[in-house]
Structures are given as structure tokens and as C-alpha cells.
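Me: Could you take a close look at one part of this model for me? I'd like to hear about a nonpolar spot on the outside, and then how its surroundings connect to the rest of the chain.

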Amino acid sequence: MNERDNDHVDLLDIRGFMADDLHGALSEAHAISKATRCTQFMFSLSLNPPPDHIATEQDFLDAAQRVEKRLDLSDQPRAIVIHEKEGRRHAHVVWSRIDADSMTAINLPHFKLKLCDLSKELYLDHGWELPKGLQTHGGKSPLNFTLEEWQQAKRIGVDPREIKQVFQQAWERSDSQIGFKNALEERGYFLAKGDRRGFVALDVEGNVFAIPKWTSLKTKEVKTKLGDPEALPSVDDTRATIRSKVSEQMRGFIARTKARHRDEAKPLIEEKSDLVAQHRDERHKLAQGQKARWLDETKTRNDRLNKGLRGLFDRFSGKAKSTRQHNEAEALAAFKRDQAQKQALIEAQMRERKTLQKRMIKLRDKQKQERVILARNVAGTLKMKSNVERRPRRRSRDIGLSPS
């Protein structure tokens, strides 16, 4: 329900819980699990349509129902939350795995394969172009990150996709430890020996990156290509080397570039904030207006049902039943009308948000290219300084001067 990192958050559906809010529902699931030995008592997944498609609430509900049917989670307590972020709309679904009758966890064998097959079916059913991962029978994209990788990259302030590409490109370009080391240094990263993780790399700020994680390789594969890390300096020694090599001028250059990038992005961020606030206000007004209209229409429908002796006469004559059927049909039509109005507003707002997002992406790409050039300049400066440090000093007697 975090609105800090999302433009909009909507609790679409909650089923099978006593509580009617998400936190209460998840607390219930946790409390019930305490009566079992199950530690992974919930199952969650994300529903991500293609960037150029705006999924409806019914699309997400239908997908969730197909998932739970495929995984034997039908009728299990469930919650669905919709997020809108960076011009895209996606949903998160979570189920309780605890069967309330047997008080055991529902087994989920081969769930990844089943969901991969279902993803392909959903793409084909909607007429969407299959992504490469599904075209190659579910091959994992190199740009799929773990939560830990994403959070680490966010703390540093660089897009994790950019970092991962640097490591993977350096790996593909090299065939030995020294080649990999040189390829990384061209982009401002320095190979070192980790405390327990084997090979790691440090950037000019001293942040540590585990090579297997950021190249998407197994530790054994890394050791096979790079050999023994014992000859490399430790993390502490590498940090000390970096500190001695990076001049204050280069640090200032990096700081000024970061500050300029923040200033360039500030107007777009403010525009995004204003747009999100405007959209939230529009949705709130629509929801309030629909609620007031629903109450008025409900009162009108209720007033059609007579009370007292006339109501008793209507029951015997069948008029009351006819009136109730008419009211139900009218209520259903009103519900569909309100849903259509909500979806129309969402789609109009998403078009506005996508227009802004294109400008933000254009700025990000420009700044990314500037960071690449900056990294090369830093690497070139460090290499030149390293070469100077390795040159043998001429002794004082060679030029007829005494030591100063």
C-alpha cells in the first residue's frame, strides 16, 4: 500500500478473510500459520502486462483466477493490489497457503513451470507480442534482478540495469582474470578479493559488488574463468588504493555531474508529483460522486417497495417481486456504468502519465550516456596516474642534486 514509490495504489479484491483491509488480512494469515509448522504460509506473484497495454480490473481478476486454478489455490484467502508506476499498471496477488480444514500448507509442485506456461497462454489470449523469454521456453532475461540487487543499486543511485550490463559486457569481452580486471577498470570498477564471496569489484565510491551476482553466473563458473582470487588485493586494500588514486578534482567532477543530473530531473519530478496529485484528486472526486449517486439511487429503488398493508398486498400480487427484480437489474447496470467511468478515467490518466514518462526516459538515457563518458574519463585519469606512480624515480645523484 506504499504510495511513496507508486503513483496510485488500489486494493482491488480481498477474499476469505475476516478483516476488510490488507494489513489485517495478512495478520490473519500469519496468525493461522502459527498453528502449523509452515514458515512460507503465503504465495505471492506479480501480474505485469506489456508496457503498451492498459489492463482492466477484470483482466487482473481473470488472470488471478486462472493462476489459482492452475496451482490448486481456488477458494483460498486472497488479496489483489493494483499499482500504477512510471506509466505502467500492474498488480500483486497474494494467497494464504494454509488449508483451514486440514490446517496444512497446500503444496505447489512445479509452480514456476506452470506459471511460465500460463504466462504464454495469457499473452496469446490477449493478442500481445510474446517477449523473448517466452519465445525461448521461459529463458530467464539477463535483466531480471533480485530484490537485494535492486535495493543495493537504488542506494547507490544508479539504475541496476546499467550496473549489471557493465559487469556482463566486461565478462563477455574477457577470457582471463587480467582481461576482466582491465575491462572493469575501463568502466570505473576494480576487481578485488572478497572476504567470503570470492571475487568482488568496487566502484570509485567504495561500494562492493559480488561478481557472480552481478554477472548472473554461478560461483564455480566465475572461478573457472578467473582462477584463484588470492593474488588480488583485499576489499580494504582496494578501497585504500582507490582513495589514493581518485583526486579531489575528479571527486568534484563526479559530484557536480550528479548535482546537475538532479537539477535537470527536478522539474520533471515536480511535474510528475503535480500530475499524480491531480490524478488522485480526480479519482477521489469520481469515487465520492459515484458513492453519493449510488446512495441516492439505492434510496430511490428502496422507495419503490411499499410498506405496511400496501406492501403486504404487493407481496401477494407479485408486484413486490417484479419491483425487486427491476431494482436488481438497475443496480447491476449502475455498477457496470460506474466501473466503465472509472476505467475511462484511468485510461485517460495513463495516457497523460505515459507522455510524461517518455520525457523522463529521454532524460535518463541522456544522463546514462554522460555517466558512461564520465566513467571512461575517470578510468583514464586513474590509469594515467597509476602509470606515473609505477615509473622508477631517478636518484638524486643522477642529476647532481642532494635529496630535499
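Reply: Happy to! Leucine 295 counts as exposed, because its relative accessible area is 53% and the cut-off for exposed is over 50%. Do keep in mind that this is a predicted model. Leucine 295 sits in helix 11, and together with Trp294, Leu332 and Phe335 it forms a nonpolar surface patch with about 400 Å² of accessible area. Two elements give two or more residues each to that patch: helix 11 (248-303) and helix 13 (319-390).

Helix 11 also takes part in a link to the start of the chain. The side chains of arginine 280 and glutamate 3 meet in a salt bridge, 3.7 Å from N to O. Arginine 280 belongs to helix 11, while glutamate 3 lies in the segment before strand 1 (8-15), 277 residues apart. Both partners are partly exposed: glutamate 3 has a relative accessible area of 42%, and arginine 280 has 28%.

That pair has plenty of company, as the structure holds 30 salt bridges. Another one joins arginine 66 and glutamate 121 at 3.5 Å, N to O. Since arginine 66 is in helix 2 and glutamate 121 in helix 3, this bridge ties together parts 55 residues apart in sequence.

For the interior, turn to the largest nonpolar core, which has 22 residues, with Phe43, Leu45 and Trp95 making the most contacts inside it. Helix 2 (57-70) and helix 3 (111-126) are among the elements that each supply at least two of its residues, and helix 2 gives the largest share, 5 residues.

Notes:
Residues are numbered from 1 along each chain as its sequence is written. This is a predicted model: local features need pLDDT of at least 70, side-chain atom pairs count only at pLDDT 80 or more; totals for chains, interfaces and linings use all residues. Side-chain values use heavy atoms; hydrogens and water are left out. Patches are made of residues with over 30% relative accessible area and no salt bridge: like charges are joined within 9 Å, nonpolar side chains (Val, Leu, Ile, Met, Phe, Trp, Tyr) within 5 Å. Accessible areas come from the Shrake-Rupley method with a 1.4 Å probe; for residues, only the protein chains shown count as cover. A salt bridge is a side-chain nitrogen of Lys or Arg within 4 Å of a carboxyl oxygen of Asp or Glu. Helices (H or I, at least four residues) and strands (E, at least two) are DSSP runs, numbered from the N terminus. Buried means under 20% relative accessible area, exposed over 50%, partly exposed in between (1.4 Å probe, protein chains only). A nonpolar core is a set of buried Ala, Val, Leu, Ile, Met, Phe, Trp, Tyr and Cys residues joined through side-chain atoms within 4.5 Å.
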